[in-house]
Structure formats: structure tokens, C-alpha cells
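Dear colleague,

Here is the structure I promised to pass on, and I would be grateful if you could look through it alongside the notes below.

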Amino acid sequence: MWRCPVCHAALTPHERSWRCASGHAFDEAREGYVNLLITHQRRQRLPGDSPEMLRHRRSFLEAGHYGALAEAIEQRLPAGHLLDAGCGEGWYSRRWPEQRPGSIVWAVDIAKEGVRLAARRAQRSGSCHYAVASVYDLPLLDHSMDAVVNVFSPVHSEEIARVLRPGGVLITATPGPEHLLGLKRHLFEQPELHDGAGPLDAVAAVNDAVRKVDSHRLHYVITLSSEDEVKSLLGMVPYAWYVDEATRTRVENLPRLETVVDFVVSVYAW
Ligand SMILES: C[S@@+](CC[C@H](N)C(=O)[O-])C[C@H]1O[C@@H](n2cnc3c(N)ncnc32)[C@H](O)[C@@H]1O
Ligand SMILES: [Zn+2]
């Protein structure tokens, strides 16, 4: 289902590379992912989340605090070709072939380190394919996906409409109003709330081609019971960038933290 980022023709696998009919070729890395981000699509040297953020997110997610979110997404997921757009280190989507037998996962992120970690963990299972690519220029054939999933990553509705097959769905997870409020109260005097809207609510309100078919709010309290867990949470979100060193150090060294997590899972169809 990958398409060539240069000429948009289908890519097919040849030993350890993917090639199109015009001879553009993209080698697979040792871990089994392919880099389909061509130079002009890359505005920074290391785009997307930093390797450090990705590693913090991996250890936080592996502790299971977001398991209920993963389940809420899976309950809404069809079987088939499933795109994880902005997959990070792949924690959500590597479960999908087991949850939806026969499904194939296509996962992209603009951060190479995320894709590398994801591909290494999935170990060439054959059911998960990984590429470095942007959600604003997806390296996927038109109308090839049964579902696109965006978990806390940028959403680009035109590209999603292009790659979804007729009847396909977009599932998004975005922050609800009180997401991580317990953590934010330690960092900011007056923490701001998220608006809690789904990413395409405004588009669906004015464009008949997009329909919002489901919205589900998930709200619960998590307890982090070690400094390492608190450090991982702080390291995977951008909030710490906005506070002074002393505040960051104080919060990083909290031995325990309780916070609300608040997610909005939205489903859109075209
Ligand atoms: C908050 S993280 C979420 C990652 C993953 N979905 C998860 O929940 O664990 C946002 C991700 O979007 C990626 N990202 C940012 N801009 C992107 C773009 N233009 N194309 C693809 N991925 C992008 C970042 O590199 C990062 O991995
Ligand atoms: Zn080509």
C-alpha cells in the first residue's frame, strides 16, 4: 500500500527495499522500516518528537496508564488495512493485528527514532509496516485504508480523505478538558483547560462530506508511584518547556503524583 513519495506510483517490496515502476528505490533499515520522507518535506534536521520524548513516552505507556484509551480505540476499529498516522514508538498500533485478526498496520511518524523503536519492537511480524513520513503527505495509495487512527498527533483531513476507502473511518484521540490537570497544577499557577473538541468537529459542522459518527469521553485518575514514572510523564509532554528550571526539578523529583487523564475519542466518516 506504500506509494512512491516522488512519483506517487505503488511501491512493491524487493528483498530489502521498496521500489516503484519508475525505478525510485527506498532501502529498508536494519530494523525493518523504510524512510519515505524526501528532503524537501523535512523542515528541521530532526523533525517531530525528540528521541528523549519518545523514550519517556515508551516507558510511561508500557506501565499501562493509558490502557483504557487503547481499548476505547480498539472497540471502534474495523479489521483491514489500518493506518496509524503519527505512531510515535508504536505502542497502540502494534496490538491491532492481534485485536483485529487478519489486519495489516501501516504506521508513519515524522520522527525517525519513533519509527525505529516501533519497527524494532514489532520484529518484522509481517502484519505491521513502518515508514518515516509526514501526515501532511502520506506515502499511501488513494483509497487504500479501512481506517486511519491519530492518537495525539496532527490531523490533516484532505490526506485522510484521500487514503481512506469509501466507508472508511478516522478515529482520533485528543485531550479532554482536564487532561493531566493534576500534573499541570504542580507546574502552573493557573493551568489552562483544553477545549475538548474533536479535531474535525469544525470541519464536520460546515462540510457535508465529513460526518462525525461517534464521540466518547474517557476520564479517570492515575497514580504515579515513583520518581521514574513522574519523570517519564513530564518528559513525554511539552509542558516542562514552559516552566523554570527550579519548578521542573521540583516536579521531576516528586515521589508520587495523582492526576486526572481525560481523553476524547472521536470517529469521523466520509
Ligand atoms: C504526542 S505524540 C503521539 C505519538 C503516539 N501516537 C502516541 O500516542 O504514543 C505526537 C507524534 O506526532 C508526530 N508528528 C508530529 N508532526 C508530524 C507530522 N507532520 N507527520 C507525522 N508525524 C508527526 C511526533 O513525532 C510524535 O511522535
Ligand atoms: Zn517513483
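The notes that follow take up the zinc site and then the surroundings of ligand 1. Please keep in mind throughout that this is a predicted model.

The zinc ion (ligand 2) has as its protein donors the SG atoms of C4, C7 and C20 together with ND1 of H24, and these lie 2.1 to 2.4 Å from the ion. Along the chain the donors follow the spacing C-x2-C-x12-C-x3-H, and the site is tetrahedral, with angles of 98 to 117 degrees among the four donor atoms. As a general point of reference, the ideal angle for four tetrahedral donors at a metal is 109.5 degrees. Two of the donor residues can also be described by their accessibility: C20, at a relative accessible area of 8%, counts as buried because it falls under 20%, whereas H24, at 26%, is partly exposed.

Turning to ligand 1, I find that it sits in the largest pocket, with 19 residues around it, of which D49, G86, D109, V135 and V151 come nearest. Among the polar contacts, a side-chain atom of D109 lies 2.7 Å from an oxygen atom of ligand 1, while a backbone N or O atom of V135 is 2.9 Å from a nitrogen atom of the ligand, and a polar backbone atom of I110 is 3.3 Å from a nitrogen atom of ligand 1. Of the 590 Å² of accessible area that ligand 1 has on its own, the protein covers 87%.

With best wishes

Technical notes
Residues are numbered from 1 along each chain as its sequence is written. Chains are lettered from A and ligands numbered from 1 in the order in which they are written. This is a predicted model: local features need pLDDT of at least 70, side-chain atom pairs count only at pLDDT 80 or more; totals for chains, interfaces and linings use all residues. Side-chain values use heavy atoms; hydrogens and water are left out. Donors are N, O and S atoms within 2.8 Å of the metal (3.2 Å for Na, K and Ca); water is not among the atoms, so sites may look incomplete. Four donors count as tetrahedral if all angles lie between 85 and 135 degrees; four count as square planar and six as octahedral if opposite donors are over 155 degrees apart and all others between 65 and 115; anything else is irregular. Buried means under 20% relative accessible area, exposed over 50%, partly exposed in between (1.4 Å probe, protein chains only). A residue is near a molecule or strand if one of its heavy atoms lies within 4 Å of it. A polar contact is a pair of N or O atoms within 3.5 Å; within protein, one must be able to donate a hydrogen and the other to accept it, and residues adjacent in sequence count only if both atoms are side-chain atoms. Accessible areas come from the Shrake-Rupley method with a 1.4 Å probe; for residues, only the protein chains shown count as cover. On a 1 Å grid over the protein atoms alone, a cavity is a set of points where a 1.4 Å probe fits but cannot get out, and a pocket is an open set with protein on both sides within 12 Å along at least five of seven lines; lining residues have an atom within 4 Å of a point. A molecule sits in a cavity or pocket if more than half of its atoms lie within 2 Å of its grid points.
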